[in-house]
Amino acid sequence: MLLKQAIFQQQSNCALFTAALWERHDCSAGIPCGAMVRILAAGLKILFFYCIAAALLSADNIFAASAEKPLGQINQYLRINGEFLSSYESWNYFRPESAVNNTYDLWILRSRLGLMLSSAYADGFVQAQYSGLYGLPDDAISSSNGALGLGAAYFLANQTTGASNIFLKQGYINFKFGALGLPGASVKTGRFELIEGMEYSSGVEKFDAIKRRRIAERLVGGFNAIYVGRSFDGFSAVYDQPGYNLTVSGVRPTQGNLTVQGQKEIGGINMLYAALTSKKDSVLPGTEGRLYYLYYDDQRDARVVDNRPLTARPLLNDEKLSIHTVGAHLLSLQQFESGSLDALLMGAYQFGDWTNLSHQAWAIGAETGYQWHKLPLKPWLRAVYYRSSGDGDARDGRHQTFFSAVPSGRLYAKFPFFNQMNIQDMFLEILLSPAAKTQININLHQLSLANANDLLYGGLGAALKSGAFGYSGNSAHGHSDIGQLIDVVFTHHYSKHLTWRLYFGHAFGGSAMKSIFPGKSDASSFLVDFNLVF
């Protein structure tokens with residue numbers, strides 16, 4: 001009741017202020033009514049977002065006041081959890097020609113409500129999700145370059161400027177065999193989230209943070225880094241022991257990602273994932289290692305995207321994808337009196353069939369960093385190198401572009417005009433902590449195509465059962481220099497329930513971007529979001 005009253009009060013205040021803004025405008029005062037409507041429309045989006053943020057702050061204060069028992073805990077067996085996310089984005093994208101719109105904003109609402117049942121023998125979980133995408137641009141589609149930015153991609157996937165839906169996000173039963181004499185063994189079946197690379201958590205906050213930011217969901221995922229997200233239907237068997245974790249999953253992804261129609265399963269994609277992880281400290285102090293295998297089979301009614309001419313690209317239901325990926329990572333975090341040293345090595349090799357071509361591709365990454373614990377702001381400096389293979393000859397019967405399956409793409413490209421395919425990404429990462437609950441993350445990227453004869457790929461993976469492949473590509477006409485990108489993220493944890501974030505990214509286009517987007521070869525993106533969880 002208190003939460004409803006708080007939100008209602010904020011909405012009432014905003015409604016009164018909005019009405020006052022409109023009543024104060026006089027069309028004869030020198031500002032054309034059409035221009036005033038556009039100004040008011042943009043202002044009202046920001047105003048509405050402010051109202052949501054104010055309501056979330058009120059709700060958080062109420063949550064903090066109810067400390068008798070864990071929030072949402074009904075009894076020892078039942079617990080309710082949920083999330084409310086509100087986000088506003090402003091885009092000033094690259095432009096191929098002057099006639100197409102490349103500047104727009106949009107806002108997003110997402111809420112989740114789940115019920116967890118826990119017992120000694122099984123856990124059950126059901127979760128519903130509402131996703132709303134509003135203010136999507138219907139005029140930011142280029143005939144030669146496709147969607148100009150993520151807002152335009154949302155419009156293409158949903159075919160409306162305002163899309164919303166409620167669907168089943170998760171619904172599963174996790175059978176636990178510890179009480180039957182097999183401690184650590186479990187089998188989950190139903191619809192759930194599969195987070196590749198996070199098969200277990202070490203319990204060390206910094207170690208797990210590196211895993212979430214730099215390892216998890218590179219090939220399988222897509223939950224909180226994209227607004228609709230995706231789930232997986234199938235099973236996941238886990239055998240978790242003190243020194244290692246073995247996970248084997250057979251799944252099909254659901255729709256989502258870009259479309260709000262997240263209820264439907266993508267039946268044309270079948271995946272098998274297996275990972276064996278040596279846990280932190282089990283072999284070497286402060287170090288974990290993982291070996292994994294992923295099989296990706298795609299035979300949807302969609303046309304594949306690669307560097308061949310469009311007429312030479314088969315439909316997947318005629319010539320499917322059958323891709324095997326084997327990979328590994330090694331992560332180490334060493335603590336010293338003055339600070340901590342981290343290092344990450346990872347690599348993957350792919351083979352199989354890319355429609356009627358033989359597929360062979362690879363990706364590698366190396367990262368290292370040091371954080372000074374005793375200096376002001378606790379500076380953490382990291383250097384990152386990532387490279388994935390590209391295809392140098394579209395006519396040789398081989399496909400050599402690394403394929404990133406169904407990842408959480410925006411996690412590794414916060415400004416998603418590129419992805420993990422045919423890319424070389426070298427960057428410095430600077431993390432600062434002005435306060436205990438505040439972090440500033442600055443990335444300075446130097447981006448280039450791994451192979452200039454291949455495409456600059458974009459996209460976040462399969463989103464629809466048919467019609468769209470999930471990735472796009474543009475030829476840079478032999479140029480490889482994508483340019484520089486500056487990412488700045490400000491994150492503040494207001495409480496254990498409420499987090500808010502600011503992001504700004506600006507890309508300085510190099511010769512490749514000038515070739516693809518001759519009208520405007522630089523771009524910027526801004527977002528602010530609030531996330532309330534309980």
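Mentor: Helices (H or I, at least four residues) and strands (E, at least two) are DSSP runs, numbered from the N terminus. With that settled, Ala468 can be placed in the loop between strand E19 (455–458) and strand E20 (472–475). The model is predicted, so local features need pLDDT of at least 70 and side-chain atom pairs count only at pLDDT 80 or more, while totals for chains, interfaces and linings use all residues. Residues are numbered from 1 along each chain as its sequence is written, and side-chain values use heavy atoms, with hydrogens and water left out.

Trainee: Why is Ala468 called partly exposed?

Mentor: Buried means under 20% relative accessible area, exposed means over 50%, and partly exposed is what lies in between (1.4 Å probe, protein chains only). Ala468 has 32% relative accessibility, and because this value falls between the two limits, Ala468 counts as partly exposed.

Trainee: Which residues is Ala468 in contact with, leaving aside its neighbours within four places in sequence?

Mentor: With contact meaning heavy atoms within 4.5 Å, Ala468 touches Arg300 and Ala302. A separate distance, taken from C-alpha to C-alpha, puts Ala468 and Leu156 at 9.8 Å in space, although they are 312 residues apart in sequence.

Trainee: What makes helix H3 (residues 150–158) mostly covered?

Mentor: Of the 9 residues in H3, 8 are buried, among them Leu150, Tyr154 and Phe155. Just after H3, Gln159 takes a positive phi of about 55 degrees.

Trainee: How do you know whether Thr277 is buried or exposed?

Mentor: Thr277 belongs to strand E10 (residues 269–278), and its relative accessibility is 1%, which is under the limit for burial, so Thr277 counts as buried. Its contacts, apart from neighbours within four places in sequence, include Glu199, Tyr244 and Arg290.

Trainee: And why is Thr355 called buried?

Mentor: Thr355 sits in the loop between E13 and E14, and its 6% relative accessibility is again under the limit, so Thr355 counts as buried. Beyond its neighbours within four places in sequence, Thr355 is in contact with residues including Val304, Pro314 and Leu321.

Trainee: What makes Asp240 and Lys279 a salt bridge?

Mentor: A salt bridge is a side-chain nitrogen of Lys or Arg within 4 Å of a carboxyl oxygen of Asp or Glu. The N to O distance here is 2.9 Å, and because that is within the limit, the pair qualifies. Asp240 lies in strand E8 (residues 232–240) and Lys279 in the loop between E10 and E11, 39 residues apart, so the pair links distant parts of the chain. Asp240 counts as partly exposed at 27% relative accessibility, whereas Lys279 is buried at 11%.

Trainee: How do you know that Asp306 forms a salt bridge with Arg313, and why are Asp306 and Arg313 called buried?

Mentor: The closest N and O atoms of Asp306 and Arg313 are 3.7 Å apart, which is within the limit, so the pair qualifies. Asp306 has 0% relative accessibility and Arg313 has a relative accessible area of 15%, and both values are under the burial limit.

Trainee: Where are Glu337 and Lys374, which also form a salt bridge?

Mentor: The closest N and O atoms of Glu337 and Lys374 are 3.6 Å apart. Glu337 lies in the loop between E12 and strand E13 (339–354), while Lys374 lies in the loop between strand E14 (357–372) and strand E15 (380–388), 37 residues away. Both residues are exposed. Elsewhere, salt bridges that share partners join Arg213, Arg214, Arg218, Asp342, Glu367, Arg382 and Glu429 into one network. By this rule the count comes to 25 salt bridges.

Trainee: What makes the nonpolar surface patch of about 580 Å²?

Mentor: Patches take residues with over 30% relative accessible area and no salt bridge, joining like charges within 9 Å and nonpolar side chains (Val, Leu, Ile, Met, Phe, Trp, Tyr) within 5 Å. Accessible areas come from the Shrake-Rupley method with a 1.4 Å probe, and for residues only the protein chains shown count as cover. The patch is made by Trp372, Leu375, Leu381, Leu428, Leu444, Ile486 and Phe508. Ile486, placed in strand E21 (residues 481–493), has 33% relative accessibility, so it passes the patch limit and counts as partly exposed.

Trainee: How much of the whole protein counts as buried?

Mentor: Of its 534 residues, 51% count as buried, and the protein has 6 helices and 23 strands.
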